[in-house]
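Hi,

Here is the structure I promised to pass on. Have a look at it first, and then read my notes below.

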Amino acid sequence: MSTSEQQPEPAGAQTRPEPSAHLAHTAAGEPAQLDLAGIPPSSPVGRLAATVDRLRREVRTAQAEAEGRALIELAKGILVERLGCGPAQAARQLAELTEQAKVTPLEFAVEVINQAARDRVSEVTDAFLAAATGVPERDPAAVRLRAAESGALAADDTQAVADSLLEHALRPLGAVAVAVWAADADGSLTLAGSAGFSPAEGTRWRYVPPEVATVARRGLTERTGQWFPSLAETGLPTIGRHLHPDGGRVAVPAGTGGRIHGVLEIAWPGPLEPQPPQVVRQVEALAELCAHTLETYTMRQDLGPEPRVLPDAAELMDLADGLHDPALVLVPQVDGSGQLVDFRIQHVNNRFLDPAGRPRAVISGALLLEAYPMAAGKSELFQRVERVYATGEPFRAQRMQLTALVDQVSLSAVADISVSRHGNSVLLIWRIEDETARLASLLQHAQRLGRIGGFEENLLTGEITWNDQLFHLYGRAPTSTPVPLEALPAHAHPDDAVALGRFLRTVLHQRRPASAAFRLQRPDGVTRHIRVVAEPVLDTDGRLFVVRGAYQDISAQHWTEVALAATRDQLAHTEQQATERNRLTLQLQHAIMPPTQAPLKVSGLEVAVRYRPAETEQLVGGDWYDTVVLPSGLVLLCVGDVAGHGIEAATSMVVLRNALRGLAVTGAGPGQLLSWLNIVAHHLTGAVTATAVCALYDPQRRVLRWARAGHLPPVVVRGPEATPLPLVRGLLLGAVPEAVYEEAEVQFAPEDTLLMYTDGLIERRDRSVEESLTHLLTTARSAPRTLDQQLDRLLTYSRSDTDDDTCIVGIRVA
């Protein structure tokens with residue numbers, strides 16, 4: 001083993017820290033000693049700070065010595081294994097080799113450990129290659145984990161990491177899908193990568209807003225691995241839930257250094273049995289692997305045109321200096337193993353006041369628990385900061401009760417706390433104010449925001465006291481003479497003289513509180529609407545000697561009331577117009593599309609239709625249907641849905657319905673009819689788009705020819721079975737200038753039923769079209785004796801929640 005090679009020195013190989021080390025940041029970035037300047041050593045705060053500083057130095061010294069001894073003992077153990085000797089012989093061999101290498105025992109121990117670590121990597125590599133060639137391996141879980149790690153490290157994005165995890169590590173455990181979620185600073189979740197789920201499912205779940213309860217959110221908020229035996233028991237929505245509703249799920253937070261970068265979610269096809277500890281540890285190791293990838297993913301996202309978080313603490317320090325509230329900028333402090341142990345106070349803005357009275361320079365650079373040891377006590381301040389840093393979810397608390405944060409400094413007063421994470425730093429806004437000063441400040445701000453000016457007038461001495469806000473309301477300089485209450489009519493609009501006279505008589509003569517509204521005419525020519533409130537103060541003999549009160553500028557309120565009255569009039573007119581428009585639209589729609597239609601008389605065929613308009617008048621839609629016997633003896637059956645709502649959709653529906661009736665007389669097939677109708681939709685109706693199904697039924701042959709334009713397929717009920725017709729190709733109407741529509745034929749037998757419908761019958765916001773169609777087929781199988789009863793049953797048991805129009809056309813072969 002060569003001692004000339006430069007090896008990185010581990011944490012345990014540090015030299016013993018000197019007692020004079022300084023706690024402020026040094027050039028090398030090492031923590032320095034807490035500066036006690038400005039704090040009397042005999043004070044309780046000074047004694048506590050000195051004790052903390054001394055204990056910290058002793059702990060660091062003891063840690064350095066213990067780590068050094070541990071490294072030497074570890075090196076001895078390696079020599080025992082390699083040389084096959086006893087501990088005493090290994091100690092002598094280590095001493096001889098150290099003397100020959102001319103280095104300290106600790107330095108030589110580090111060299112031995114580094115060499116052994118390189119050998120262990122070779123062993124793992126050999127084990128993996130043996131497994132790949134079919135040679136049995138003693139620890140297949142470790143091999144799978146190493147293979148997954150190799151694939152993840154070689155991947156260039158989070159999606160490739162998800163593929164590697166599923167292929168190498170999770171499929172052998174029985175999992176079928178995996179999702180890697182990135183946690184954003186606002187508490188939302190972004191799907192950074194997934195495997196085993198369809199692209200459509202990934203698109204649906206690409207973003208989860210903050211505070212939305214999902215399986216991944218549970219893993220983020222709980223900060224521990226969440227193992228769910230079955231999704232049916234949780235009731236939580238998540239990606240791919242409809243694919244495996246009874247499958248098991250696992251949500252493990254992916255974090256490093258005390259910060260959670262995201263969540264690893266794993267899906268099983270069936271119920272998940274309790275897993276052995278080694279499997280749990282393997283999943284946690286995979287989550288930690290994802291954390292490193294997510295950290296790179298977040299940094300890459302932050303480099304975009306609109307970064308979501310601040311890139312470093314420097315910008316956060318500038319933000320803190322611009323705040324009007326006291327603020328601290330905290331950065332995480334981790335130990336040698338990467339675990340979060342504390343937060344360093346990186347910056348203190350100039351508005352921060354230490355509860356112990358220490359200067360800001362003393363607090364800046366110190367560790368949070370060293371400066372405020374009791375922050376981890378009943379106040380749980382440290383726990384709040386730690387949780388915000390880990391999850392990214394901000395914390396807010398008004399008038400939070402805090403216990404003593406420093407010995408003998410009781411913070412029984414309340415404080416307003418705000419904690420938020422920005423990048424890798426935490427902003428802590430911590431405001432503790434004196435109650436009297438706080439109330440005075442609140443009163444001052446309330447008067448300023450409310451445009452209120454106070455006054456007091458002594459009627460015996462003639463002394464008048466105004467505050468600054470009242471001088472501003474009057475438009476007078478603060479050095480000018482205040483206006484007596486009796487002279488108020490001279491400064492008001494002449495039309496307000498009667499109201500002010502009544503106000504003065506009530507206060508000065510009847511000695512009762514009163515108020516009045518008037519228009520103040522200021523010296524600068526501006527007229528303001530003012531409300532004055534006054535109350536008399538009597539002496540012990542019942543004589544009036546002081547009047548106190550306030551003026552409030554209500555100009556904005558006055559003009560708001562004027563504008564509000566005008567807005568009410570305009571709104572009433574608009575509502576009347578909208579009501580009339582909806583009424584006309586409904587009349588037009590019901591005239592063309594009545595909710596029920598007289599039965600169509602066709603030999604050997606029973607025809608029934610149903611039309612259910614939208615539940616709200618504002619959602620008048622463009623759904624339409626038509627059933628008519630053509631001169632050729634064929635029966636034209638069609639349903640359609642024009643995009644949009646309102647009178648435009650209703651008029652477009654009328655145009656398409658009447659156009660199809662006229663075109664059907666030509667004797668063309670349903671595919672040709674839809675091609676012509678597409679031209680009408682694209683060129684003659686303002687580029688309207690619509691879906692439709694067109695069919696021609698031959699009663700003699702019992703054959704149905706049909707075509708579709710982007711519409712849901714009809715359903716055939718034959719005996720106890722209900723199945724949709726196989727799809728034929730056809731674009732929606734109006735999408736392109738010309739389109740060709742494929743036709744298909746269906747042979748019917750007696751008692752067969754055909755159902756044609758619009759999407760208002762099955763469409764739901766929280767279900768896919770496939771799920772809704774499955775429910776329709778289940779309902780249609782239990783067919784009542786009559787066709788009318790069957791259509792009514794379909795409307796009754798419809799689960800649609802989109803408030804859309806619904807059309808159903810049903811035919812039953814006799």
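**Aromatic pairs and a sheet**

Searching the whole structure, which is a predicted model, turns up 7 aromatic pairs. Take Phe-343 and Phe-382: their ring centres are 5.8 Å apart and their planes sit at 65°, so this pair counts as edge-to-face, the cut-off for that being over 60 degrees. It's a link between distant parts of the chain, with Phe-343 in strand β8 (residues 340–348) and Phe-382 in helix α13 (residues 381–391), 39 residues apart.

Are these two rings buried or exposed? Phe-343 has 0% relative accessibility, so it is buried. Phe-382 comes out at 8% and therefore counts as buried too.

There's also an aromatic cluster, made up of Phe-455, Trp-466, Phe-471, Tyr-474 and Tyr-551.

Now for the sheet. It's an open one with 6 strands, in the order β3-β2-β1-β6-β5-β4, and the pairing is antiparallel. At the edges are β3 (207–208) and β4 (226–228), each pairing on one side only. Strand β2 (residues 189–195) pairs with β3 over 2 bridges, in the antiparallel sense, and Leu-189 stands opposite Val-208 in β3.

Which helices pack on this sheet? One is α7 (residues 215–222), which touches β1 (177–183), β2, β3, β4, β5 (249–256) and β6 (259–267); the direction of α7 makes about 140° with that of β6. Another is α13, the helix that holds Phe-382. Helix α13 touches β1 and β6, and its direction makes about 55° with that of β6.

Cheers

Terms used
Residues are numbered from 1 along each chain as its sequence is written. This is a predicted model: local features need pLDDT of at least 70, side-chain atom pairs count only at pLDDT 80 or more; totals for chains, interfaces and linings use all residues. Side-chain values use heavy atoms; hydrogens and water are left out. Rings of Phe, Tyr and Trp (its six-membered ring) pair if their centres lie within 6.5 Å; planes under 30 degrees apart count as stacked, over 60 as edge-to-face and the rest as tilted. Helices (H or I, at least four residues) and strands (E, at least two) are DSSP runs, numbered from the N terminus. Buried means under 20% relative accessible area, exposed over 50%, partly exposed in between (1.4 Å probe, protein chains only). Two strands pair if DSSP finds at least two bridges between them. Contact means heavy atoms within 4.5 Å. Axes are lines fitted to C-alpha atoms, for helices over the stretch in contact, and angles run from 0 to 180 degrees between N-to-C directions.
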